[in-house]
Amino acid sequence: MDKLLQTKIGNLILKTPLLNASGVWCTTKKELEELLKADTGAVVFKTMTINPRQGNPKPRLYFEKNFSLNSMGLPNLGVDYYLSIVDDLKKFKKPLIASIAGFKEEEFYFLAEKINKSSFDAIEVNLSCPNLEGKGIFAYDLKKSVSILKNIKKKSSKLVGVKLPPYNQRGEIKELAERLVEIKVDFVTLINSLPLGMEIDWQKESFVIKPNLGIGGLGGKVIKPLALAQVYLFNYFSQGKLTIIGVGGVNKGEDVYQYILAGASAVGLGTSILNQGLKIFKKINQQLAKIFKEKKVNNLKEKIGQIKQL
Ligand code: DHB
């Protein structure tokens, strides 16, 4: 592929704007290698915690064409495992992004410090995991979120980004976008799954996933209009100063183009990988390149945030 699809997150160059959304296909070394061999521009690891975790009881993931529902409970092999494989994965010469989550503020700092000494290129601070029973979502406490990011950013030589959930009010987005610009967060990933989703198997008369009262994070096509608005508003209120990775219902080249117009520099794929496998990366890149040619777009950057008012 030529440079048509190239994009940047901070100083990192991505050959294509497509990443995996953290959580999907990125827990083991084998999965990460497969992602790195696919037509991805960068790869995000499964959110890691200090200690390995089994996660919630199964079934904990359900997906169909239009949506996915998950209550995984942060199953991961622990930060030390990911640190032990990251050097070898550098051979693929793609940006490697660590996703971290703590149960307390101090755990975020402990993890960020470990990543800082490694060969990861960036840290995505996951302040939006919806599946921790009894724990709220950090990102809905704006003050605490900004303080965590500020402290990590102060000490980090890596790019520092944040993964956020959807917000309901423009005022919250305005306030957060402005703070994130102030503390110079390098990228913002929008959005994590919607915290409270549910599906019922009417024949079995039961839930489709087991943990947490059958309720989990909702992703996929059904959340795209919501995610686009979040991307647009973060871009609008930051006056284009935030680098945004859009996530939510990306299935085809047109979806990527929409996210770019709304203000994203790259996009993450989640539910569409579950439904179609890793071949989807190549397919979407080809579709996007075709759209760029038809619309005479010379490079991706010139289209970021270029949505027209009606
Ligand atoms: C999990 C789900 C998320 O949406 C997330 O951001 C982190 C972890 C999970 O349940 O494993």
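**D87 and its surroundings**

I started with D87, which sits in helix α2. This is a predicted model, so I'm reading everything below as computed. Is D87 buried or exposed? Its relative accessibility comes out at 54%, and since the cut-off for exposed is over 50%, D87 counts as exposed. I also checked D87 against S119: the two are 32 residues apart in sequence, yet their C-alpha atoms lie 6.3 Å apart.

**α2 against α1**

Staying with α2 (residues 79-89), I looked at how it meets α1 (residues 29-37). For any packed pair of helices, the angle and the distance between the axes are the description to go for. Here the axes come within 11 Å and cross at roughly 35°. The crossing of α1 past α2 is right-handed. Which residues make the contact? From α1 I noted K29, L32, E33 and L36, and from α2 I noted Y81, Y82, I85, D88 and L89. Sorted by type, the contact of α1 with α2 has six nonpolar residues, three charged and no polar ones.

**The eight-stranded sheet**

Next I traced the open sheet of eight strands. I wrote down its order as β3-β16-β15-β10-β9-β8-β7-β4, and the pairing is parallel. Which strands stand at the edges? They are β3 (18-20) and β4; each has a single partner strand, so each has one side without a neighbour in the sheet.

Two helices on this sheet went into my notes. Helix α4 (residues 142-155) packs on it and touches β7, β8 and β9 (159-164), with its direction at about 160° to that of β9. Helix α10 (residues 279-294) lies across β3 and β16 (266-269), and its angle to β3 is also about 160°.

**Zooming in on β7**

I then took β7 (residues 96-100) by itself and found five of its five residues buried. Side chains of a regular strand alternate between the two sheet faces, and I wanted to see how each face fared. L96, A98 and I100 are buried on one side of β7, and I97 and S99 are buried on the other, so to speak a strand covered on both faces.

For the neighbours, β4 (residues 43-44) runs parallel to β7 and is joined to it by two bridges. V43 has L96 of β7 as its bridge partner. How many bridges join β7 to β8 (residues 122-126)? I count four, again with the strands parallel. Within that pairing, A98 is bridged to I123 of β8, and I100 stands opposite V125. To get from β7 to β8 the chain goes through helix α3 (residues 105-116), in a right-handed β-α-β crossover.

**The four-stranded sheet**

There is another open sheet to log, with four strands in the order β5-β6-β14-β11 and antiparallel pairing. Its edges are β5 (61-63) and β11 (194-197): each has a single partner strand, so one side of each goes without a neighbour in the sheet. The twist from one strand to the next averages 35°. I checked one pair in detail: β5 and β6 (residues 68-70) run antiparallel and are joined by three bridges. In that pair, Y62 is partnered with L69 of β6.

**P165**

I looked up P165 next, in the loop between β9 and α5 (170-182). Its relative accessibility is 0%, and because buried means under 20%, P165 counts as buried. What does P165 touch, apart from neighbours within four places in sequence? I listed S128, I137, A139, Y140, I191, N192 and Q230. For M198, 33 residues away along the chain, the C-alpha separation from P165 is 17 Å.

**Helix α8**

Last stop was helix α8 (residues 253-262). Why call it largely enclosed by the rest of the structure? Because eight of its ten residues are buried. The buried ones are G253, D255, V256, Y257, Y259, I260, L261 and A262. These pack against β3, α7 (224-237), β15 (244-247), β16 and α10. Right after α8 comes G263, and I noted its positive phi, near 135°.

Technical notes:
Residues are numbered from 1 along each chain as its sequence is written. This is a predicted model: local features need pLDDT of at least 70, side-chain atom pairs count only at pLDDT 80 or more; totals for chains, interfaces and linings use all residues. Side-chain values use heavy atoms; hydrogens and water are left out. Axes are lines fitted to C-alpha atoms, for helices over the stretch in contact, and angles run from 0 to 180 degrees between N-to-C directions. A crossing is left-handed if the near helix is turned anticlockwise from the far one by less than a right angle, and right-handed if clockwise. Contact means heavy atoms within 4.5 Å. Ala, Val, Leu, Ile, Met, Phe, Trp, Tyr, Cys and Pro count as nonpolar, Asp, Glu, Lys and Arg as charged, and the others, Gly among them, as polar. Buried means under 20% relative accessible area, exposed over 50%, partly exposed in between (1.4 Å probe, protein chains only). Two strands pair if DSSP finds at least two bridges between them. A crossover is right-handed if, with the strands pointing away from the viewer, the path from the first strand over the helix to the second runs clockwise.
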